[in-house]
Amino acid sequence: MEEKKLAALNQLRNVFGLGKREAETIAMDVTSQVYRRRLQQAVSSGDLLNADSKAAYLQNLCEELHFDPEKAIEIHEDIYRRKLQQLVAAKGELSDEDVKTLEQIQIMFCIRKQTVEAAHADICGSLFEKVVKEAIAAGVDGYDAEIKKSVRKAAFGLRLTRDVAISIASKAVRKIFISYIQRARAAGSRTESAKELKKMIAFNNLVVTELVADIKADSADTPPPEEPSTKIEKEEVKIEEDEDWESIQSLRKSRPNKATTAKSGQKEINLKDDLPERDRADLYKTYLLFCLTGEVTRIPFGAQITTKKDDSEYAFLNQLGGILGLTDKEIVEVHRGLAEQAFRQEAEVILADGQLTKSRIEQLNELQKNVGLPPQYSQKIIKNITTSKLSAALETAAGRGRLSIKEIRELKENGIEVENMVSASLRENLFKKTVDDIFSSGTGEFDEEEVYHKIPQDLNIDADKAKGVVHELARIRLSNSLVQAVALLRQRNQKGVVNSLNDLLACDKAVPSKPLSWEVQEELADLFLVYLKSDQAAEKVARVQYLLSISDAAAEALRNAKDNGLPNGAKAEEEFVF
């Protein structure tokens with residue numbers, strides 16, 4: 001459009017008092033009609049077909065008409081869709097000539113491949129969907145040669161790609177699958193649920209499998225070759241899972257072989273994206289339990305009859321796994337989980353007291369073989385049971401103060417993680433009890449490395465916090481030890497006096513103390529004299545002298561009294577001044 005014409009249009013817009021948006025809408029409508037007419041002329045004359053660059057030709061046309069290229073693309077797509085709809089509506093399928101015509105339109109108007117596929121999926125797909133629904137509605141008994149012919153004709157005649165055709169069929173089939181699932185969940189018993197699932201398996205085998213085969217037989221493309229990396233990954237997974245397939249009895253029975261593979265139903269259309277993994281695993285487990293326990297029939301007076309099924313049910317179980325979209329790994333998990341559950345129930349009874357004797361090990365080994373659980377999993381369950389029993393016993397013992405640090409160390413040497421079995425508060429209480437025992441042992445010994453580092457490490461408690469506990473206990477026991485020593489002195493219990501003074505020394509080693517005071521100084525002297533008579537180490541005697549505030553002169557006099565056999569240099573008939 002020439003510049004002077006554009007200027008004239010702007011003046012005309014002002015004369016009519018049109019807004020900018022109204023004027024643009026009118027201009028777009030008129031220009032679109034003109035663009036369509038120019039396209040028709042270009043196609044009729046062969047100019048567009050013979051153009052060296054179709055894109056350049058269309059671009060120049062847009063620039064000449066001042067037409068938006070994006071709007072032009074929409075017109076091109078609309079022309080293609082209209083032509084496709086016209087051809088399909090006439091014969092219900094696309095001939096080779098029709099396909100060539102559509103390809104020519106696609107090339108002339110530079111229409112993207114994604115747009116073409118979307119148009120076919122929408123227009124041809126709706127017709128194909130109708131054929132698929134009719135085939136599915138025919139049911140298990142109605143999918144005959146006539147239905148097969150119509151499916152094949154539609155799959156090929158509508159020129160749908162394999163993926164698109166399968167996708168359309170998948171939507172309709174999955175709705176039927178979901179209806180079976182809903183009925184299975186609503187059933188009143190496991191047997192009734194299994195019967196509904198079995199109907200779904202039959203529908204898949206007799207209808208869906210045939211439908212997929214017919215689509216693949218006459219679809220408009222061939223499947224892409226499987227990538228080598230994918231094959232390698234599948235082989236690796238298969239090798240990893242082979243051991244489980246062979247060890248678990250129910251898995252061995254359901255594992256497909258050459259005889260069953262030929263008869264197995266399709267797995268391409270499944271419910272993997274329609275149901276959560278847990279729901280799919282539960283449905284599979286329901287049918288697995290049906291295979292294991294058989295069909296239960298209730299009779300009057302509350303009784304029931306169980307009819308054991310043969311191993312043929314396991315072939316249906318394998319097909320159910322495919323319909324549910326379960327991977328081999330997920331299937332193995334279901335079988336293993338059920339075997340573990342059965343083993344654990346029996347093992348809990350056998351190991352009621354947590355003791356693992358030789359006869360019980362034989363019982364558990366026999367149970368493991370009967371259940372068909374791999375040894376590594378049965379051993380893990382046995383360990384969990386014994387560990388939980390031991391944990392409860394340790395908690396009880398620790399709570400009642402019957403657990404010692406020596407026993408804790410023995411347990412840790414045997415590989416038992418005590419920190420996971422005994423709560424932190426009980427371990428802290430055990431530490432306090434251990435330190436209190438050291439301060440009341442009567443030896444006068446205090447090993448800082450043992451108390452501040454090794455014991456907290458064995459009990460898995462904070463070392464700094466443990467040190468604070470030691471200091472607090474030492475301060476309390478220090479004064480208590482002196483009071484206890486005096487009380488034992490008055491009772492003439494010399495051995496008890498010595499032990500109490502040694503406890504005093506142990507507390508002093510933890511928290512060095514100043515000399516202690518006492519109202520009756522003579523009793524302190526008598527305490528020192530008794531300690532002298534016990535023949536303790538010189539450094540201990542010196543420290544007791546310091547803590548009891550005994551002067552050197554008094555200490556020398558008491559040593560002389562000890563050597564002379566006189567208590568504190570006093571009357572011979574009295575052992576103590578008191």
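Is R36 buried or exposed, or does R36 fall in between? R36 is partly exposed, at a relative accessible area of 34%. This value, like every other reported here, comes from a predicted model.

The residue takes part in a salt bridge. R36 pairs with D78, and the closest N and O atoms lie 3.0 Å apart. The pair links distant parts of the chain, with the two positions 42 residues apart in numbering. R36 sits in helix α2, which covers residues 20–45. D78 sits in helix α5, which covers residues 69–91. D78 has a relative accessible area of 23%. D78 therefore counts as partly exposed, since buried means under 20% and exposed over 50%.

The overall architecture is as follows. The protein has 27 helices and 2 strands. It contains 578 residues, and buried residues make up 38% of them. The accessible surface comes to about 33,000 Å². Carbon and sulfur atoms account for 50% of that surface. Among contacts with a separation of 6 or more, 73% are between residues 24 or more positions apart.

Confidence was examined next. The pLDDT averages 82 over the protein. A score of at least 70 is reached by 82% of the residues. Over residues 229–237, the pLDDT is below 50. Beyond near neighbours in sequence, residues 229–237 have 2 contacts in the model. Over residues 299–306, the pLDDT is also below 50. That second stretch has 13 contacts beyond near neighbours in sequence.

Salt bridges number 27 in the structure. Two further pairs illustrate bridges formed inside a single helix. E333 bridges to R336, with the closest N and O atoms 2.8 Å apart. Both residues lie in helix α17, residues 328–350. They are 3 residues apart, about one turn of the helix. How do the two partners stand in accessibility, buried or partly exposed? E333 is partly exposed at 42% relative accessibility. R336, in contrast, has a relative accessible area of 10%. R336 is therefore buried, because its value falls under the 20% limit.

The second of these pairs is D437 with K433. Their closest N and O atoms are 3.4 Å apart. That distance satisfies the salt-bridge criterion because the limit is 4 Å. Helix α21, residues 424–439, holds both partners. The separation is 4 residues, about one turn of the helix. D437 is partly exposed, with a relative accessible area of 39%. K433 is likewise partly exposed, at 33% relative accessibility. Elsewhere, salt bridges with shared partners join K148, R152, E210 and D214 into one network.

Cysteines were considered last. The structure holds 0 disulfides. C62 is buried, at 4% relative accessibility. C110 is partly exposed, at 41% relative accessibility. The two cysteines thus fall in separate accessibility classes, because the boundary for buried residues is 20%.

Technical notes
Residues are numbered from 1 along each chain as its sequence is written. This is a predicted model: local features need pLDDT of at least 70, side-chain atom pairs count only at pLDDT 80 or more; totals for chains, interfaces and linings use all residues. Side-chain values use heavy atoms; hydrogens and water are left out. Buried means under 20% relative accessible area, exposed over 50%, partly exposed in between (1.4 Å probe, protein chains only). Contact means heavy atoms within 4.5 Å. Accessible areas come from the Shrake-Rupley method with a 1.4 Å probe; for residues, only the protein chains shown count as cover. A salt bridge is a side-chain nitrogen of Lys or Arg within 4 Å of a carboxyl oxygen of Asp or Glu. pLDDT is the predictor's confidence in each residue, from 0 to 100. A disulfide is a pair of cysteine sulfur atoms within 2.5 Å.
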